[in-house]
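Reader: Could you walk me through this structure, one feature after another? I would like to learn how to read each one.

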Amino acid sequence: MIQFKNVTKVYPNGLCALSNVSFTIANGEFVFVVGASGAGKTTLMKLLLKEIEPTSGSIIVDDIDLSSLKRKEIPYYRRKLGVVFQDFRLLLDRTAYENVAFAMEILGAPPREIRRRVPIVLNMVGLGAKAHAYPYQLSGGEQQRVAIARALVNNPSILIADEPTGNLDPATAMEIMKILSLINRRGTTVIMATHAKNIVNAMRKRVLQFRKGVLIRDEQEGGYFDEP
Amino acid sequence: MNLSSWRFFVVHGFQNILRNRIMSLASVTAIMITLIVLGLILIVVANLDVMVDEVESKMEVTLFLKDGLTDQQRSMLEQDIRNWQGVYDVEFVSKHEALEKWKRELGDKGSLLDGYNGENNPLPDSFLVKIEKPEYVDEVIQKTKGLYYVEEVNYSSKVVEFVEWLARTIRIAGAGLVVILAAVAAIIIGNTVRLTVYSRRREIGIMKYIGATDWFIRWPFIIEGLMLGVIGSVIATGVVALIYKFLLDRSSYMNLKWGYLGIFQLLPLSDVILYVVKVCLVVGACVGALASCLSIRRYLKV
């Protein structure tokens with residue numbers, strides 16, 4: 001469960017990115033975070049990853065108050081989360097397989113476990129056949145699937161996706177959404193920041209809409225409303 | 001950290017070295033030069049120390065006697081000296097023996113001295129006084145000054161003092177030089193690691209999101225620095241061994257050609273090289289690891 005309680009974030013330059021935001025996300029939910037650029041979507045993601053600290057208010061994830069986390073504990077907290085970015089962030093000198101394996105290596109997984117688990121996850125995102133292709137040999141959609149496989153390989157309970165379809169054409173974007181809802185059906189909480197109207201409207205999931213740092217709408221099975 | 005983590009660190013450390021070949025080469029060269037200087041200084045000082053020991057163990061004072069002493073006067077003098085504290089042997093060297101010895105030292109040029117045989121021998125008779133420990137030397141010399149029959153005193157403590165001074169000077173100057181060179185090497189290694197951190201920033205970012213601990217991110221860079229230091233020290237000891245072997249060959253060649261070099265023989269390679277390897281490896285590894293630790297603290301924001 002994820003709880004934001006009266007969270008405000010003011011950046012050192014005075015910009016108020018989030019203003020008194022409160023909401024709760026239950027385990028296994030699929031939530032869209034929508035809003036125009038600068039609405040606070042990325043700040044929300046960064047707060048969840050504990051990349052930045054809120055100016056006031058508290059964030060609780062799976063009964064852990066993030067403000068109580070010590071520096072040393074942050075990596076262990078992040079292992080609960082899988083992260084997917086708009087620009088994929090793959091290692092370009094490694095194959096799809098190696099990119100996914102890398103996420104297990106850095107948690108110190110034994111080689112046998114890596115050899116067993118990586119193909120399963122690659123198959124899940126439909127890339128089993130291209131495991132040994134390098135990122136430059138893959139299309140954008142395929143690269144994003146590698147990134148999703150990498151985010152999932154360590155079995156996170158929450159998947160955070162920051163504009164995962166932002167660089168993809170509509171058809172490819174829909175394929176990525178299918179994979180994300182498949183993951184969600186397996187029990188993983190998915191939080192996705194986006195401003196892709198057609199996707200939000202097609203999925204009919206919970207929507208948190210922000211405008212200039214204020215949560216203006218929290219609706220189950222919502223659509224994407226254009227701001228007046 | 002388990003075994004597969006350590007394998008990851010070592011593999012990545014090596015990858016870092018290969019990825020930055022030019023800077024790695026510069027680092028290895030810098031640490032290598034530092035350690036060659038260190039290794040040579042170690043060998044020179046080790047040799048000088050042995051030289052000091054050897055000279056000290058051969059503590060001898062030569063008393064040159066006035067001409068025309070009777071045998072009785074001479075044996076009384078000898079008896080007198082033998083009773084002094086610290087003296088363990090007194091050897092009489094006649095002027096004839098002294099000339100023969102000199103001829104032997106000149107080898108095939110000894111015939112030059114042929115004209116000084118017999119009545120023409122300019123050398124004096126002498127006593128070779130052997131002394132147990134260096135601290136008795138001054139006392140013995142003071143006593144000889146009062147002896148009427150002694151013309152001149154010659155002793156080797158000046159040599160010992162000089163060699164000791166030389167060893168001390170080389171140690172201090174060498175230590176200073178090594179510290180400066182090590183600092184330069186550390187700066188170059190630190191820069192190399194900084195470049196690797198820069199070229200890996202994307203990967204480091206991803207590692208942080210996936211939940212790698214700070215130390216997990218740091219270790220490959222520390223190992224990179226450590227390996228640069230170790231590689232440099234291995235090459236350096238090889239070069240030091242070659243240089244020393246060359247010197248040994250030269251010195252034994254000179255010994256063959258001119259009979260003998262002096263009082264001293266260089267230590268064999270096998271006696272010194274293990275010591276040099278140990279010191280260079282430890283210094284190289286420490287400088288490398290330390291340099292990358294400092295560099296990581298400054299440039300790797302984890």
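Reader: How far apart are the end C-alpha atoms of helix H5 of chain A?

Author: This is a predicted model, in which local features need pLDDT of at least 70, side-chain atom pairs count only at pLDDT 80 or more, and totals for chains, interfaces and linings use all residues. Residues are numbered from 1 along each chain as its sequence is written, and chains are lettered from A and ligands numbered from 1 in the order in which they are written. Helices (H or I, at least four residues) and strands (E, at least two) are DSSP runs, numbered from the N terminus. The expected span of a helix is 1.5 Å times one less than its number of residues. For the 13 residues of H5(A), 140-152, that rule gives 18 Å, and the end C-alpha atoms are 18 Å apart, which agrees.

Reader: Is H5(A) enclosed or not, and which elements do its buried residues pack against?

Author: A residue is buried if 20 or more other C-beta atoms lie within 10 Å of its own, exposed if 12 or fewer, and partly exposed in between, with C-beta atoms placed from the backbone. In H5(A), 12 of the 13 residues are buried, so the helix is largely enclosed by the rest of the structure. Among them are Gln144(A), Arg145(A), Ala149(A) and Leu152(A). Their packing partners in chain A are strands S6 (81-85) and S7 (158-162), together with helices H3 (96-105), H4 (111-124) and H6 (170-185).

Reader: Which residues touch the most other members of the largest nonpolar core?

Author: A nonpolar core is a set of buried Ala, Val, Leu, Ile, Met, Phe, Trp, Tyr and Cys residues joined through C-beta atoms within 7 Å. Here the largest one has 110 residues, and Val33(A), Val100(A), Leu122(A), Ala149(A), Ile160(A) and Ile31(B) touch the most other members. Helix H8 (214-258) of chain B gives the most to this core, with 12 residues. Another core of 9 residues lies apart from it, including Leu65(B) and Phe127(B).

Reader: What does Val100(A) touch?

Author: Two residues are in contact if their C-beta atoms, placed from the backbone, lie within 7 Å. Leaving out residues up to four places away in sequence, Val100(A) touches Val118(A), Val121(A), Leu122(A), Val146(A), Ala149(A), Arg150(A) and Val153(A).

Reader: How should I read the sheet with S1 of chain A?

Author: Strands of a sheet pair through backbone hydrogen bonds, either parallel or antiparallel. Two strands count as paired if DSSP finds at least two bridges between them. In chain A, 4 strands form an open antiparallel sheet in the order S2-S1-S4-S5. S2 (16-25) and S5 (64-65) of chain A are at the edges with a single partner strand each, so one side of each has no neighbour in the sheet. S1(A), residues 2-10, joins S4(A), residues 56-61, over 5 bridges, and Lys5(A) has Ser58(A) as its bridge partner.

Reader: Which side chains of S1 in chain B are buried?

Author: Side chains alternate along S1(B), residues 60-65: Val61(B), Leu63(B) and Leu65(B) point to one face and are buried, whereas Glu60(B), Thr62(B) and Phe64(B) point to the other and are not. S1(B) pairs with S3(B), residues 126-131, in the antiparallel sense over 5 bridges, with Glu60(B) opposite Lys130(B).

Reader: And how many residues of each chain are in contact with the other?

Author: Between the chains, 14 residues of chain B are in contact with 16 residues of chain A. H7(B) gives the most to chain B's side, with 5 residues.
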